[in-house]
Amino acid sequence: MLLLGNEGAGKTTTYNKLARTHQDISSGPGSCTPHLFHKLITDDLMMPIRLIDSPGFGGRRDVSSHVAETSAALTPIDLSCLIYVVKAERSGFMANQIANFLSVLSDEDASFVRIIVTHTDTKGWGENAKKKCKEDLEEDFEIDPKHIFMSHKDVKREDLLKFVVASLHDPRRF
(Lines give C-alpha, C1' and ligand atoms only; values in the text may rest on other atoms or scores of the structure.)
Protein backbone atom coordinates (compact mmCIF):
# COMPACT_ATOMS: atom_id res chain seq x y z
CA MET A 1 0.00 0.00 0.00
CA LEU A 2 1.37 3.35 -1.02
CA LEU A 3 0.43 6.61 0.72
CA LEU A 4 0.33 9.56 -1.70
CA GLY A 5 -0.88 13.15 -1.35
CA ASN A 6 0.10 16.78 -1.08
CA GLU A 7 2.71 18.08 1.33
CA GLY A 8 1.28 18.42 4.83
CA ALA A 9 -1.76 16.23 4.11
CA GLY A 10 -0.93 13.74 6.87
CA LYS A 11 0.72 10.86 5.00
CA THR A 12 3.62 10.46 7.41
CA THR A 13 1.37 10.90 10.45
CA THR A 14 -0.82 8.11 9.05
CA TYR A 15 2.27 6.01 8.29
CA ASN A 16 3.65 6.56 11.80
CA LYS A 17 0.36 5.52 13.38
CA LEU A 18 0.04 2.34 11.31
CA ALA A 19 3.72 1.37 11.34
CA ARG A 20 4.30 2.38 14.97
CA THR A 21 7.28 4.47 13.94
CA HIS A 22 8.32 8.08 14.48
CA GLN A 23 9.38 9.59 11.15
CA ASP A 24 9.70 13.40 11.23
CA ILE A 25 6.54 15.28 10.35
CA SER A 26 5.70 18.88 9.52
CA SER A 27 2.60 20.81 8.73
CA GLY A 28 2.30 23.04 5.72
CA PRO A 29 4.51 23.38 2.66
CA GLY A 30 7.92 21.77 2.57
CA SER A 31 7.81 18.00 2.90
CA CYS A 32 9.83 16.44 5.68
CA THR A 33 9.72 13.10 3.89
CA PRO A 34 12.74 13.15 1.55
CA HIS A 35 12.31 9.62 0.18
CA LEU A 36 10.13 6.53 0.45
CA PHE A 37 9.82 4.73 3.80
CA HIS A 38 8.77 1.07 3.88
CA LYS A 39 7.52 -1.02 6.76
CA LEU A 40 6.07 -4.50 6.85
CA ILE A 41 3.11 -4.59 9.22
CA THR A 42 2.35 -8.04 10.55
CA ASP A 43 0.49 -7.66 13.84
CA ASP A 44 -2.23 -10.30 14.04
CA LEU A 45 -3.10 -9.92 10.37
CA MET A 46 -3.81 -12.86 8.11
CA MET A 47 -1.18 -11.52 5.72
CA PRO A 48 1.57 -8.95 6.17
CA ILE A 49 1.01 -5.51 4.68
CA ARG A 50 3.85 -3.49 3.16
CA LEU A 51 3.10 0.15 3.91
CA ILE A 52 5.00 2.82 1.98
CA ASP A 53 5.14 6.53 2.78
CA SER A 54 6.17 8.96 0.06
CA PRO A 55 7.22 12.60 -0.26
CA GLY A 56 4.28 14.93 -0.82
CA PHE A 57 3.18 16.59 -4.02
CA GLY A 58 3.96 20.25 -4.15
CA GLY A 59 6.98 22.44 -4.29
CA ARG A 60 8.75 21.89 -7.59
CA ARG A 61 7.05 18.58 -8.43
CA ASP A 62 3.80 18.37 -10.34
CA VAL A 63 1.49 15.44 -9.66
CA SER A 64 2.13 13.50 -12.88
CA SER A 65 5.93 13.62 -12.64
CA HIS A 66 5.79 12.84 -8.92
CA VAL A 67 3.60 9.78 -9.53
CA ALA A 68 5.95 8.69 -12.34
CA GLU A 69 9.05 9.09 -10.12
CA THR A 70 7.39 7.22 -7.28
CA SER A 71 6.22 4.44 -9.60
CA ALA A 72 9.74 4.04 -10.99
CA ALA A 73 11.15 3.72 -7.47
CA LEU A 74 8.54 1.09 -6.67
CA THR A 75 8.94 -1.01 -9.82
CA PRO A 76 10.13 -4.14 -7.99
CA ILE A 77 7.33 -3.89 -5.38
CA ASP A 78 3.83 -5.24 -5.89
CA LEU A 79 1.23 -2.71 -4.80
CA SER A 80 -2.27 -3.76 -3.85
CA CYS A 81 -3.71 -0.24 -3.64
CA LEU A 82 -2.93 3.45 -3.57
CA ILE A 83 -4.13 5.48 -0.62
CA TYR A 84 -4.55 9.15 -1.46
CA VAL A 85 -4.29 11.19 1.75
CA VAL A 86 -6.04 14.55 1.53
CA LYS A 87 -6.38 17.25 4.16
CA ALA A 88 -9.93 18.25 5.07
CA GLU A 89 -10.63 21.48 3.21
CA ARG A 90 -13.51 23.17 1.46
CA SER A 91 -15.17 20.49 -0.63
CA GLY A 92 -14.35 22.20 -3.95
CA PHE A 93 -10.66 22.54 -3.07
CA MET A 94 -10.46 18.94 -1.87
CA ALA A 95 -12.29 17.69 -4.96
CA ASN A 96 -9.84 19.58 -7.18
CA GLN A 97 -6.85 17.93 -5.46
CA ILE A 98 -8.40 14.48 -5.84
CA ALA A 99 -9.35 15.13 -9.48
CA ASN A 100 -5.77 16.25 -10.28
CA PHE A 101 -4.41 13.07 -8.72
CA LEU A 102 -6.89 10.75 -10.42
CA SER A 103 -6.30 12.43 -13.80
CA VAL A 104 -2.79 10.95 -14.05
CA LEU A 105 -4.05 7.40 -13.50
CA SER A 106 -5.75 5.04 -15.90
CA ASP A 107 -9.43 4.40 -15.16
CA GLU A 108 -8.52 0.89 -14.03
CA ASP A 109 -5.81 2.09 -11.63
CA ALA A 110 -8.05 4.88 -10.35
CA SER A 111 -10.62 2.28 -9.34
CA PHE A 112 -8.14 0.92 -6.79
CA VAL A 113 -7.52 4.24 -5.07
CA ARG A 114 -8.64 4.61 -1.47
CA ILE A 115 -9.04 7.99 0.24
CA ILE A 116 -8.10 9.07 3.76
CA VAL A 117 -9.36 12.53 4.69
CA THR A 118 -7.21 13.90 7.53
CA HIS A 119 -7.46 16.88 9.88
CA THR A 120 -11.24 16.53 10.23
CA ASP A 121 -10.86 17.57 13.88
CA THR A 122 -9.02 20.82 13.09
CA LYS A 123 -11.77 21.79 10.67
CA GLY A 124 -14.39 21.15 13.34
CA TRP A 125 -16.12 18.56 11.19
CA GLY A 126 -18.82 16.71 13.07
CA GLU A 127 -20.43 13.47 11.95
CA ASN A 128 -22.79 15.28 9.54
CA ALA A 129 -19.92 17.06 7.77
CA LYS A 130 -17.97 13.80 7.47
CA LYS A 131 -21.03 12.03 6.08
CA LYS A 132 -21.60 14.86 3.57
CA CYS A 133 -17.95 14.72 2.49
CA LYS A 134 -18.20 10.97 1.84
CA GLU A 135 -21.42 11.46 -0.12
CA ASP A 136 -19.81 14.21 -2.22
CA LEU A 137 -16.74 12.07 -2.96
CA GLU A 138 -18.95 9.14 -3.86
CA GLU A 139 -21.00 11.30 -6.22
CA ASP A 140 -18.11 13.25 -7.78
CA PHE A 141 -15.66 10.37 -8.22
CA GLU A 142 -17.78 7.21 -7.94
CA ILE A 143 -15.76 6.11 -4.91
CA ASP A 144 -17.43 3.53 -2.73
CA PRO A 145 -17.95 5.11 0.73
CA LYS A 146 -16.27 2.09 2.34
CA HIS A 147 -13.09 3.18 0.51
CA ILE A 148 -13.08 6.56 2.27
CA PHE A 149 -11.79 6.98 5.82
CA MET A 150 -12.24 10.13 7.91
CA SER A 151 -9.23 10.62 10.15
CA HIS A 152 -8.16 12.98 12.93
CA LYS A 153 -5.20 13.35 15.29
CA ASP A 154 -6.65 11.01 17.91
CA VAL A 155 -7.75 8.28 15.50
CA LYS A 156 -7.16 4.81 16.91
CA ARG A 157 -4.57 2.72 15.14
CA GLU A 158 -6.98 -0.22 15.18
CA ASP A 159 -9.58 1.80 13.22
CA LEU A 160 -7.01 2.84 10.60
CA LEU A 161 -5.72 -0.72 10.38
CA LYS A 162 -9.26 -2.04 9.87
CA PHE A 163 -9.70 0.37 6.96
CA VAL A 164 -6.36 -0.63 5.43
CA VAL A 165 -7.10 -4.36 5.72
CA ALA A 166 -10.57 -3.87 4.21
CA SER A 167 -8.93 -1.99 1.33
CA LEU A 168 -6.98 -5.11 0.45
CA HIS A 169 -10.06 -7.22 -0.26
CA ASP A 170 -9.41 -6.89 -3.99
CA PRO A 171 -5.64 -7.27 -4.29
CA ARG A 172 -3.94 -6.39 -7.57
CA ARG A 173 -0.64 -5.23 -9.00
CA PHE A 174 0.01 -1.75 -10.34
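User: Before we turn to the fold, what does contact mean here?

Analyst: Contact means heavy atoms within 4.5 Å. The model is predicted. Among contacts in the protein chain between residues at least 6 apart in sequence, 64% join residues at least 24 apart.

User: How many helices and strands does the protein chain have, and which pattern do they follow along the sequence?

Analyst: The protein chain contains six helices and six strands. Taken in sequence order, these elements give the pattern β-α-β-β-α-β-α-α-β-α-β-α.

User: How should burial and surface be read for the chain as a whole?

Analyst: A residue is buried when its relative accessible area is under 20%. Of the 174 residues in the protein chain, 46% are buried. The chain exposes about 9,300 Å², and carbon and sulfur atoms supply 50% of that area.

User: How is a pair of packed helices described?

Analyst: Two packed helices are described by the angle between their axes and the distance between the axes. In this structure, the axes of helix α1 (residues 11-19) and helix α6 (residues 157-167) come within 9 Å and cross at roughly 100°. Angles of 65 to 115 degrees count as roughly perpendicular, so α1 is roughly perpendicular to α6.

User: Which residues make the contact of α1 with α6?

Analyst: Helix α1 contributes Thr14, Lys17 and Leu18, while α6 contributes Arg157, Leu160, Leu161 and Val164. By character, the residues of this contact divide into four nonpolar, one polar and two charged.

User: Which residue in the loop between β5 and α5 has a positive phi although it is not a glycine?

Analyst: That residue is His119, with a phi of about 65°. His119 lies in the loop between β5 (113-118) and α5 (127-141). Its relative accessibility is 24%, so His119 counts as partly exposed.

User: Where is Glu142, and is Glu142 buried or exposed?

Analyst: Glu142 is placed in the loop between α5 and β6 (148-150). Glu142 also has a positive phi, about 55°, although it is not a glycine. The cut-off for exposed is over 50% relative accessible area; Glu142 has 74% and is therefore exposed.

User: How many disulfides are there, and how is such a pair recognised?

Analyst: A disulfide is a pair of cysteine sulfur atoms within 2.5 Å. By this rule, the count is zero disulfides.

User: Are Cys81 and Cys133 buried or exposed?

Analyst: Cys81 has 0% relative accessibility and so counts as buried. Cys133 is buried as well, with a relative accessible area of 6%.

Conventions: Residues numbered from 1 in each chain as written. Predicted model: local features only at pLDDT ≥ 70, side-chain atom pairs only at ≥ 80, totals over all residues. Heavy atoms only, no water. Buried < 20%, exposed > 50% of the residue type's maximum accessible area, 1.4 Å probe, protein only. Axes fitted to C-alpha atoms, helices over the stretch in contact; angles between N-to-C directions. Helix = DSSP H or I, 4+ residues; strand = E, 2+ residues; numbered from the N terminus. Parallel < 35°, antiparallel > 145°, perpendicular 65-115°, else oblique. Nonpolar A, V, L, I, M, F, W, Y, C, P; charged D, E, K, R; others polar. Areas by Shrake-Rupley, 256 points an atom, 1.4 Å probe, with all protein chains shown as cover.
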